[in-house]
Amino acid sequence: LKTWGTAVHTELVRHKHHGSADSVFEPELRAWRDLSVEEKLSDPFAKTLIGPFEHSDGYSTTSYHYDLETGHTLYGEAAAKERPGALVLTMQALNTILEDLERASRRLLEQRIMRDLRA
C-alpha cells in the first residue's frame, strides 16, 4: 500500500506542475492516532471494521472483526453490539482497492513516460 500510494502521489505531484489536480494521497502513511480530528472525520474508512476473520483454538472456531480506530478485536456478536451498522472492509474488498491503486499507479507512470518521450 505504501509503495503504490507513494508512486501515485509522486506522479500526481509531477502532474500538478502541468495543471493537474492536487494529490489525494499522503506522501507518508500515518497511524490513526496521529491523525487530527478533522482528518479522522473525513477519512472514507472511518468507523469501518476489518474482517471477518476466523480464529481456531483447535476445538472451536470463532469469528472476529478488528476495529482499527480503537485497536480492539471484537469477537462473535460483539461487533454488532458495540458497532451497530458499522461498515465492514473485507479482505476481498481490500484486495480490490489495492489492485485498483496498482493499476492507477501504473497508468500514471505510463502517462508520464509517454509525456517525457514527446518532450
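In this predicted model, strands β1 and β2 make a hairpin, with four residues between them. Gly58 sits in the turn and has a positive phi of about 95°. The two strands pair in the antiparallel sense over six bridges, and Ser56 stands opposite Thr61 of β2. A second hairpin follows, made by β2 and β3, again with four residues between the strands. Here it is Gly71 that takes a positive phi, near 75°. Strands β2 and β3 run antiparallel and are joined by four bridges. Tyr66 faces Thr73 of β3 in this pairing, while Tyr64 has Tyr75 of β3 as its bridge partner.

Stepping back to the sheet as a whole, four strands line up in the order β3-β2-β1-β4, giving an open sheet with mixed pairing. The edges are taken by β3 (72-75) and β4 (87-89), each of which pairs on one side only. From one strand to the next, the twist averages 40°. Helix α4, spanning residues 91-118, packs on this sheet and touches β1 (48-56) and β4. The direction of α4 makes about 65° with that of β4.

The overall layout is quick to describe. The protein has four helices and four strands, and along the sequence they come in the pattern α-α-β-β-β-α-β-α. Of its 119 residues, 20% count as buried. Among contacts with a separation of 6 or more, 44% are between residues 24 or more positions apart. The protein exposes about 8900 Å², with carbon and sulfur atoms supplying 55% of that area.

Two backbone details turn up around β1. In the loop between α2 (37-42) and β1 lies Lys47, which has a positive phi of about 65° even though it is not a glycine. Lys47 is exposed, at 56% relative accessible area. Further along, the peptide bond from Gly51 to Pro52 is cis, with omega near -5°; Pro52 itself belongs to strand β1.

Both Gly51 and Pro52 also show up among the neighbours of His65. His65 is placed in strand β2 (residues 61-67) and is buried, with a relative accessible area of 13%. Leaving aside residues up to four places away in sequence, His65 also touches Leu49 and Ile50, then His72, Thr73 and Leu74, and finally Ala79 and Val88.

Charged pairs come next: a search of the whole structure finds six salt bridges. One of them brings together the side chains of Asp67 and Arg83, at 2.4 Å from N to O. Asp67 lies in strand β2 and Arg83 in the loop between α3 (78-82) and β4, so this pair ties together parts that are 16 residues apart in sequence. Both partners are out of the way: Asp67 is buried at 3% relative accessible area, and Arg83 is buried as well, at 19%.

Helix α4 has salt bridges of its own. Arg106 pairs with Glu102, and their closest N and O atoms are 2.8 Å apart. These residues are about one helical turn from each other because they are four residues apart in α4. Arg106 counts as partly exposed, at 43% relative accessibility, and Glu102 is partly exposed too, at 27%.

Further along α4, the side chains of Asp116 and Arg112 meet in another salt bridge, at 3.4 Å from N to O. Asp116 and Arg112 are likewise four residues apart in the helix, so about one helical turn separates them. How do they sit relative to the surface, buried or partly exposed? Asp116 is partly exposed, with 41% relative accessibility, whereas Arg112 is buried, at 18%. The pair does not stand alone, as salt bridges that share partners join Arg112, Arg115 and Asp116 into one network.

The surface also has a nonpolar patch of about 380 Å², made by Leu109, Ile113, Met114 and Leu117. Of these, Leu109 is found in helix α4, and its 36% relative accessibility makes it partly exposed.

Technical notes
Residues numbered from 1 in each chain as written. Predicted model: local features only at pLDDT ≥ 70, side-chain atom pairs only at ≥ 80, totals over all residues. Heavy atoms only, no water. Buried < 20%, exposed > 50% of the residue type's maximum accessible area, 1.4 Å probe, protein only. Contact = heavy atoms within 4.5 Å. Pairing = 2+ DSSP bridges. Axes fitted to C-alpha atoms, helices over the stretch in contact; angles between N-to-C directions. Patch = residues over 30% accessible without salt bridge, like charges linked within 9 Å, V, L, I, M, F, W, Y side chains within 5 Å. Areas by Shrake-Rupley, 256 points an atom, 1.4 Å probe, with all protein chains shown as cover. Salt bridge = Lys/Arg side-chain N within 4 Å of Asp/Glu carboxyl O.
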